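Please open the model in your viewer and keep the selection panel at hand. The stops below move from one selection to the next.

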Amino acid sequence: MFKKLIFFHLLLSLFVGTNIAQAQKYFVLNGTVKDGGTGETLIGASVQLKGAATFATVTNAYGYYSLSVPAGVYELVYSYVGYQSISQNISIGGDAKRNVSLTSANQLNEIVVNAEKRNANVENPIMGVQKLDVKEINSIPVLFGERDILKTLQLLPGIKSAGEGNSGFYVRGGSTDQNLILLDEATVYNASHLLGFFSTFNSDAIKDATIYKGGMPAQYGGRLASVLDIKMNDGNKKDYTVEGGIGLIASRLKVEGPIKKEKSSFMVSGRRTYADSFLAFSSDTSVKGSTLYFYDLNAKANFILDDKNTIYLSGYFGRDKLGITNSFGFDWGNTTATLRLNHLFSNRLFSNTSLIYSNYNYLIKSLLEDNDFNVKSAIRNYNLKQDFQFTANNAHEIKFGLNLIHHTIAPGDIGASAASSVNATKIENRNGLELAAYFSDEYNVNDKLHLAYGARISNFSALGSGTFHTYDEDGNILTNQTYKSGELVKNYFNLEPRIAASYQFSNNKSVKASYTRNTQNLHLMSNSTATSPTDLYIMNSNNVKPEIADQIAIGYFNNFKDDTYEFSAELYYKDMKNQIEYRNGTDLRGNKNVEADLLFGDGRAYGVELFLKKRFGKFNGWIGYTLAKTERQFDQIDDGRWFNAKQDRTHDLSVVGIYKASPRWTLSSTFVYNTGNAVTYPSGKYQLDGETVFYYSERNGYRTPAYHRLDFSATLEPKLKPGRKYQSSWSFGIYNVYNRKNPFSIDFEDDPNDASRTQAVQTSLFGIIPSVTWNFKF
Amino acid sequence: MKNLILIFFAIGALALFNACEKVIDVDLKEADPLIVIEGNISDEFVAHKVTVSRTKAFTENNQVDAVMDAQVSVKDLTLNKLYLFSATNRFGEYKSELFKGAPGHNYELSVKVGNQTYTAQSAMPEKVFLDSLSITAISFFGEERKYVKVNYQDMPNIANQYRYVLYVNNEKVKGYFLDFDRFNDGKYVNSTLFSGDPELKTGDEVKLEFQCVDMNVYRYFFAISQIGGNGGPPTTPANPTSNFNNGALGYFSAYTKEEKSAIIP
């Protein structure tokens with residue numbers, strides 16, 4: 001039924017489009033915008049045709065644009081932040097194609113402030129969206145000097161760190177698993193290394209990162225809280241370059257260049273930590289053979305076949321490895337692969353077809369005598385995606401597409417030798433098929449009113465094979481049913497409407513409103529205060545229903561001082577259904593009956609986010625502040641009262657300043673302050689069998705002390721000499737400048753010096769930490 | 001297996017940084033006192049013990065706030081036989097006459113305090129025999145540590161839950177050592193107890209109390225140990241699910257018991 005509706009709508013739009021075209025003689029101008037130095041396509045570059053009326057658009061994820069305009073004489077302006085704009089006169093009397101290259105400010109060695117269309121943030125109806133500038137990321141101070149997209153993201157309002165030095169993040173009251181993290185469209189299931197202290201994204205390989213905190217466009221779906229869309233560099237189409245860096249924790253190397261000049265290129269980027277290299281110097285043999293490291297490898301290639309077809313192939317492979325000789329081995333990591341074909345059906349219809357694979361798995365090995373075993377666990381998906389972008393006329397930009405995903409979760413496969421005290425067993429795999437279709441239209445009703453509306457339908461089928469149970473209130477098995485491979489266990493259908501509108505009072509002032517529904521079919525089980533590589537994913541089943549979130553938001557956007565400053569205030573309310581917790585004492589590891597112990601409840605989150613940014617000039621930076629509340633309600637927890645979610649933080653403030661002190665020196669500093677985490681502390685104690693046990697009266701009813709920290713960094717760029725390709729730069733950083741002992745955990749225990757008393761002990765992780773990184777490029 | 005993972009986390013964390021600890025003042029709420037009952041019945045021929053107390057504020061000392069005037073009894077539901085308990089001392093301890101619990105029997109503990117009666121049931125599991133204790137040495141990053149290993153033949157085709165209570169030089173080691181045979185049903189089990197404090201030294205006498213407990217009791221102790229990080233990262237603290245009704249804290253366990261000792265070589 002709904003599909004019919006979409007097609008009807010599409011037809012209508014086409015009809016309306018051609019109608020106008022006949023009346024006014026509309027022609028199409030299309031093409032690609034690239035970086036003049038490297039040939040990389042530019043995402044989100046602005047294209048404007050200024051004539052009797054102004055027509056404008058931005059380039060899509062592949063640098064492609066298409067505009068439908070009436071015949072006439074125009075000034076055509078291409079611009080992109082950090083690049084010098086191009087302006088040319090053009091007379092449109094028929095369809096035209098223009099591919100252009102912009103020159104980056106880096107090559108000009110001057111600050112470019114003449115980017116046109118700087119009020120896009122005011123005009124665009126989409127709310128709660130932030131695009132990260134990769135250059136900005138590189139100059140912001142960070143722990144151990146390891147620049148990190150996810151940690152920079154945490155400095156934006158509405159996005160909170162999951163913990164000290166942690167790359168996990170919470171968006172508008174959602175949990176970490178409610179973020180959809182995409183790397184070249186592939187889902188990254190576990191975006192962190194080494195217990196969360198580093199993200200899996202090596203910023204050398206990253207071209208663009210955009211996060212949607214609400215009002216997600218309809219092409220995205222599958223998670224409740226946010227979408228983080230990260231795109232890898234395509235590779236330099238003009239020259240071979242080698243770039244790298246040596247830091248405290250890790251070294252990096254990137255090689256890129258043309259395969260065939262202007263036609264095809266490749267990029268390979270790697271990173272590896274070397275903390276364990278020092279272990280080799282130990283005289284102890286068990287230390288010598290131990291491992292403790294992680295690595296990331298990003299690779300991408302693209303081939304422009306002809307005017308109409310481009311192929312992209314990209315992949316990511318990363319792994320953490322911990323091991324102690326003859327005792328244990330533990331490694332985990334993500335693998336993703338994306339094959340894409342861009343095809344132009346016509347100058348109005350752009351198509352992208354993607355075939356995507358992603359996998360996260362871990363392997364634990366115990367080599368202890370009489371107790372050897374290994375545990376393998378994995379989650380993976382195969383994803384076929386077809387996206388269309390249709391330029392109907394200049395008022396409508398239509399996107400529609402289909403998405404078919406096959407999910408498999410292998411919760412645990414335990415292997416052991418015959419002599420081991422462990423039995424070899426396997427926990428049944430779970431399979432699911434997700435079919436989604438979407439339609440969206442960005443509709444410029446008039447100069448002041450802009451709409452983005454659409455819908456996504458998502459159909460999730462839990463499939464056999466496997467034995468599925470039903471349970472009573474206490475988690476005892478009521479019924480068993482066994483399904484054959486591919487047999488339907490349970491089907492869930494969801495319609496997700498998305499609508500956003502902006503109304504511009506003037507060129508630099510607007511109000512916006514949006515409503516978004518999101519659903520989530522995969523759920524990460526974690527009741528813990530930290531994340532672990534072994535956290536368990538489950539999917540919808542006969543017992544587990546899709547999580548659903550409805551979010552409404554309103555906002556005020558204002559740019560001033562000639563768009564140099566950007567201010568926004570957003571107010572949101574989010575209602576969440578089918579949230580998941582589990583009973584006390586549930587052991588998630590190797591548990592064949594996890595669903596017996598699940599509890600289902602509701603969530604709500606609301607808040608206000610203020611953001612003030614100075615975008616250009618010698619000194620730039622931003623202040624972000626969030627006032628928020630997020631709660632959960634489960635009938636079986638705290639007698640059904642609403643309680644603070646662990647990610648509830650009342651106040652959250654980030655201040656970022658970047659100062660270009662001289663052509664060579666860039667100084668930057670960040671300050672963060674947030675209310676302490678909502679935690680559960682004891683409200684009493686008792687003795688059992690000679691040990692103190694604590695009594696808890698309410699879930700997350702206490703707060704840890706507030707968190708605050710100041711970081712500083714300085715980057716020394718090389719002197720630019722014409723004709724010299726080799727460049728090197730230095731980054732110096734200080735994390736936690738005033739050595740604040742922020743709480744990581746607070747534990748309650750018997751006083752070791754006086755067993756008759758109890759005490760609270762606070763553990764802090766990182767004091768003041770200096771860092772230095774040397775980067776090179778040739 | 002859970003201990004292995006735990007050790008991994010500890011090593012990973014230590015290798016990364018030197019965490020810093022300090023004692024802090026926390027302003028904690030004071031909940032109204034609640035009844036706490038700890039009841040144990042074993043298959044030994046002894047006077048079994050039930051302790052009744054009340055919760056205290058965090059800032060008070062750890063001495064038991066004893067309830068002296070409770071009426072305590074245990075009923076063998078299988079034989080329909082009642083055992084009365086009487087108060088013995090000022091620590092809230094109530095003791096029965098000498099009797100021996102039997103595996104396979106269901107027991108119900110009933111404690112009346114004022115007008116309120118609290119009851120809990122526990123089924124004494126089938127008895128698994130402790131074969132031996134052995135000592136194993138494991139080297140972590142150049143430091144060799146000794147641990148006690150518990151060796152026994154698990155009973156096939158039924159779920160067995162174990163609780164190990166470890167004593168070093170007659171001092172009970174704090175923490176909870178628990179096992180559940182879902183990974184080694186019917187196998188000859190060697191389970192290493194990764195006890196940290198005190199470290200085992202040559203000449204120490206270790207004693208192990210080997211209990212087969214029912215599922216509720218296993219989960220009760222497992223829930224407490226999870227708060228401290230057993231089986232992965234620490235979980236959000238919560239009261240363990242008690243087998244008592246009417247809101248009493250604590251547990252009632254009917255278990256089988258075996259004991260063995262060893263000297264650390």
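This tour of a predicted model begins at the contact between the two chains and then turns to strand pairing within each of them.

**The interface as a whole.** Select chain A and chain B together, and colour the residues in contact: 85 residues come from chain A and 78 residues from chain B. Between them the two chains bury about 7,300 Å², of which 59% lies on carbon and sulfur atoms. On the side of chain A, pick out Arg589(A), Lys685(A) and Glu691(A), which lose the most area to chain B and together make up 10% of what that side buries.

**Charged and polar pairs.** Next, display side chains across the interface of chain A and chain B, where 7 salt bridges are found. One of them to centre on joins Arg182(B) and Asp587(A), with a distance of 2.8 Å from N to O. If you widen the selection to polar contacts between chain A and chain B, the count is 37 residue pairs, both residues being at pLDDT 80 or more. The side of chain A that touches chain B divides by class into 36 nonpolar, 34 polar and 15 charged residues.

**A strand pair across the chains.** Now select residues 754-764 of chain A, which form strand β51 and, with 10 residues, give the most to the side of chain A that touches chain B. Add residues 20-24 of chain B, strand β1, and you will see that β51(A) and β1(B) run antiparallel, joined by 5 bridges. Within this pairing, Val761(A) has Val23(B) as its bridge partner.

**An open sheet in chain A.** Moving to chain A alone, select the 4 strands that form an open, antiparallel sheet in the order β3-β2-β5-β7. Its edges are β3 (54-58) and β7 (86-92), each of which pairs on one side only, and neighbouring strands in this sheet are turned by 20 degrees against each other on average, direction ignored. For a closer view, take β2 (residues 46-50) of chain A with β3(A), an antiparallel pair held over 5 bridges, and find Ser46(A) opposite Val58(A).

**Strand β5 of chain B.** Finally, select residues 71-76 of chain B, strand β5, together with residues 106-113, strand β8; these run antiparallel and are joined by 6 bridges, with Asp76(B) opposite Tyr107(B). Then add β6(B), residues 81-87, which pairs with β5(B) in the antiparallel sense over 5 bridges and places Leu82(B) as the bridge partner of Lys75(B). Which residue takes a positive phi in the hairpin of β5(B) and β6(B)? Among the 4 residues between these strands, look at Asn80(B), whose phi is near 55 degrees.

Notes. Residues are numbered from 1 along each chain as its sequence is written. Chains are lettered from A and ligands numbered from 1 in the order in which they are written. This is a predicted model: local features need pLDDT of at least 70, side-chain atom pairs count only at pLDDT 80 or more; totals for chains, interfaces and linings use all residues. Side-chain values use heavy atoms; hydrogens and water are left out. Contact means heavy atoms within 4.5 Å. Buried area is the accessible area (1.4 Å probe) that two parts lose on being put together, summed over both. A salt bridge is a side-chain nitrogen of Lys or Arg within 4 Å of a carboxyl oxygen of Asp or Glu. A polar contact is a pair of N or O atoms within 3.5 Å; within protein, one must be able to donate a hydrogen and the other to accept it, and residues adjacent in sequence count only if both atoms are side-chain atoms. Helices (H or I, at least four residues) and strands (E, at least two) are DSSP runs, numbered from the N terminus. Ala, Val, Leu, Ile, Met, Phe, Trp, Tyr, Cys and Pro count as nonpolar, Asp, Glu, Lys and Arg as charged, and the others, Gly among them, as polar. Two strands pair if DSSP finds at least two bridges between them. Axes are lines fitted to C-alpha atoms, for helices over the stretch in contact, and angles run from 0 to 180 degrees between N-to-C directions.
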